[in-house]
Protein chains: 2
Amino acid sequence: MNASGDLQATLDASRKSWVETANAPQCDFPIQNLPFGIFSDARNATRRVGVAIGDCVVDLSALGQAGLLKLSADGKAAGNSVFERDSLNDFIALGQDAWRSVRIQLSALLARDTATPALRDDPALQARALIPLAGATLHLPVEIPGYTDFYSSKEHATNVGSMFRDPKNALLPNWSEMPIGYNGRASSVVVSGTPVRRPNGQLKLPDAERPVFGASRKLDIELETGFIIGRGNALGEPVACEDAESHIFGMVLLNDWSARDIQQWEYVPLGPFNAKTFATTISPWIVTLDALEPFRVAQPAQEPKPLDYLCHAGEHAFDIALEVMLRPRNASQPTTISRTNFRHMYWTMAQQLAHHTVSGCNTRVGDLMGSGTISGPTGDSSGSLLELTWNGQKPLELHGGGTRAFIEDGDELTLAGWCQGNGYRVGFGPCVGEILPAHR
Amino acid sequence: MNASGDLQATLDASRKSWVETANAPQCDFPIQNLPFGIFSDARNATRRVGVAIGDCVVDLSALGQAGLLKLSADGKAAGNSVFERDSLNDFIALGQDAWRSVRIQLSALLARDTATPALRDDPALQARALIPLAGATLHLPVEIPGYTDFYSSKEHATNVGSMFRDPKNALLPNWSEMPIGYNGRASSVVVSGTPVRRPNGQLKLPDAERPVFGASRKLDIELETGFIIGRGNALGEPVACEDAESHIFGMVLLNDWSARDIQQWEYVPLGPFNAKTFATTISPWIVTLDALEPFRVAQPAQEPKPLDYLCHAGEHAFDIALEVMLRPRNASQPTTISRTNFRHMYWTMAQQLAHHTVSGCNTRVGDLMGSGTISGPTGDSSGSLLELTWNGQKPLELHGGGTRAFIEDGDELTLAGWCQGNGYRVGFGPCVGEILPAHR
């Protein structure tokens, strides 16, 4: 079978794994997914590269040591070095051929009907190389040299513009011409599960002459996805829109925590800063663009037609169902507060990257690019409490009683996302954060 | 002599070096300075830590190998490892005691009347450890995990507000309450001498309905300084204003290249992006805060009194003379287009760092924090062509003929900065960049 055929085989909806939990219809990590991450466990505190399958992590350093992984279709065994790292950056830097080849090999090793039964038929190796997810600690999957956040949902930009500027001219003229973006703060990107402390900052109350210092009273989420740069570009050498997807390793869920009161006072004229730099949470597993391929769909029509450097033929959106759950501390169950889909995004990831680099700006392996808040066409498909409660004016009702205008201390927010296949789903795993009270 | 006395001795205006070029009154690198950088040379292409003295670089890896440097006042010899690196980050991460101690030891080794003549009296060691600056290649001194740019000159913010918003309310209400800042793009920070390619982007001409794509026609400098974080803070743990200077390793000159036409069209509502991400140039030598201590002066009076978290007793500005020179390609001499001083800055570096972290945002060793454009009280002390030519309306006349509204291809822009002592100056060395034509 040729390389393209091997890739197609990894996406075959009928392929099952001998890791039986991977075959459950609601499992985020079927054999069609095989997302990459960094983990450690009680037995071995060393951080290393893993791939999620069913309710387990496959330890790629163990497979490498066993001589079961090659770094290219025709290459020699990988050894363990590139998988015994505390980030995926060195593996990603090997290039698309290597990511694709390793994923193809893993699919073959994990398939129920496999021609390479070296792992399936070796219980001792399984004991070393298959770690229960429940006992694993998941870490930030990449070292992030740069974090950029876009603003590419037309519905979100329109909602925010209506609330804070002019409802009649909610969308600013530049918005329809380019994927508006800004530089984020990479240092405070944390992995799912990391508690997030409510920020203090300057709050300007409506009738006050001067701001006061205190804890944010309007703490919010932003439901986003992010993509991870797999191939950088040199300073001064833009990435063409048609070529941009080949620079993307994969995607994560991203919660761009936002303090709306701090933001509103600080953001003119240079954009959000302290309102967002206190934390950004991403999901621990990077779902490769290869695994998302069956869920490629057309992006929304773009009117006016973008300038040439933002044009690409074909379909460049992805059908990714998204949900947000809120669970107050001690609540027995969460409340789903939003359901939306990544396919609604007006600007594509390829257009974002082409715009980001058209000035000559360089990107590096591991760079994180956030989509911007993903809001759908209906009120309950908005990706922020700001929109869902219309700046707190229409609080949400929670299961078991209580309401929420913005996030309260002890609330746990969870983002979920998945592509629905025929009898299986390619999921991201949860992106979770609980809010701790502000420092006094 | 105690440690404080040793530090004072390094700042003694009467101290001279046996490296005689260091004793010239206009030399940027007298024995009172001793700035740190990363260099290589024709003899040895390995990047390593150096300190500038007169017209030479002292090779700290060579001194380490010779057993002449300890990493603390009472410690054992440093060996060479921390000085055989391609960035200063590992050395800086050793902490203030180590930086201070190494600078004190170097001052003693380089002093004309020295009690430690090991280098002065050893011509063979000098041949290994003293490299002529003219033959050295200077590299980016730090790996920069994060770059933040502030906007802390009242005159600059007022000028820009007058031009682009409302002359009667030029300064926005939040400006006087906090050091406004935004996240910059760390990937495109380059060292002095790196050519800078004019960016392409979206330009919205005044009467056009839609933007066009093309090379920026309003390419500009921003005269800034930057400080380098020497001690990071953990996520969720703000740096107190009174303690902030102890987190600063030192300062550089910084040119925040800006494409004004791209900026004006893109910057609402999330701030500048492609207008600035194409390049930021810094000077190669980091002047330590210790070396700047004799030039500490009072910051301008702040009215209204800042909120408590931005208050610090004492003097926190520095008297640093600054100049900008423009030299067209083939011009026999440059034209000095601006003369100003860092002491005019309204918000101090300590206030900037306290504000940056008050939300809980973490910083890391090597982070770069730009001051924002430094404009003084008079028109010819502005730090950008935007202000100097009032958005191109009043072009500058150049030596030898010609005028400039904004930067043209082939122009070389140089920033210079120094603290004037009694018979010597503590300088930064030039921060230079030449503009290459845009890609077509």
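This is a short tour of the predicted two-chain model, stop by stop, with something to select at each one.

Before you start, note that residues are numbered from 1 along each chain as its sequence is written, while chains are lettered from A and ligands numbered from 1 in the order in which they are written. Because the model is predicted, local features need pLDDT of at least 70 and side-chain atom pairs count only at pLDDT 80 or more, whereas totals for chains, interfaces and linings use all residues, and side-chain values use heavy atoms, with hydrogens and water left out.

**Stop 1: the interface**

Colour the two chains separately and select the residues in contact (heavy atoms within 4.5 Å). You should pick up 61 residues from chain A and 61 residues from chain B. About 5400 Å² is buried between chain A and chain B, and carbon and sulfur atoms give 57% of that area. Buried area here is the accessible area (1.4 Å probe) that two parts lose on being put together, summed over both.

Now show R185(A), L270(A) and F273(A) as sticks: in chain A these lose the most area to chain B, together 15% of what that side buries.

**Stop 2: polar links across the interface**

Where do charges pair up? Across the interface of chain A and chain B there are 4 salt bridges, each a side-chain nitrogen of Lys or Arg within 4 Å of a carboxyl oxygen of Asp or Glu. Select R210(A) and E177(B) for one of them, with the closest N and O atoms 2.8 Å apart.

Then keep R185(A) on screen and add D367(B): this salt bridge has its closest N and O atoms 2.6 Å apart. The pair crosses between chains, from the loop between β7 and β8 (189-191) of chain A to the loop between α9 (349-357) and β22 (368-370) of chain B. Helices (H or I, at least four residues) and strands (E, at least two) are DSSP runs, numbered from the N terminus. Are these two partners buried or exposed? R185(A) is buried at 5% relative accessibility, and D367(B) is buried at 0%. The cut-offs, with a 1.4 Å probe and protein chains only, are under 20% relative accessible area for buried, over 50% for exposed, and partly exposed in between.

**Stop 3: salt bridges within a chain**

Move to chain A and select R343(A) and D319(A), whose side chains meet in a salt bridge (3.6 Å, N to O). The two residues are 24 residues apart and link distant parts of the chain. R343(A) is partly exposed at 33%, and D319(A) is partly exposed at 26%.

Next, in chain B, pick K276(B) and D256(B), a salt bridge at 2.8 Å, N to O. K276(B) lies in the loop between α7 (260-266) and β16 (280-282) and D256(B) in the loop between β14 (248-255) and β15 (258-259), so the pair ties together parts that are 20 residues apart in sequence. K276(B) is buried at 8%, as is D256(B) at 1%. Back in chain A, select D220(A), E222(A), D256(A), R260(A) and K276(A) together: salt bridges that share partners join them into one network.

**Stop 4: the annotated position**

Finish at H156(A), which UniProt lists for "active site" in an unreviewed entry; such annotations may be inferred rather than shown by experiment, feature names are shortened, and positions are given in the numbering used here. H156(A) lies in helix α6 (residues 154-164) of chain A and is buried, at 3% relative accessibility. Which residues should you display around H156(A)? Leaving aside its neighbours within four places in sequence, H156(A) is in contact with Y151(A), E222(A), T373(A), S375(A), S384(A) and E387(A).
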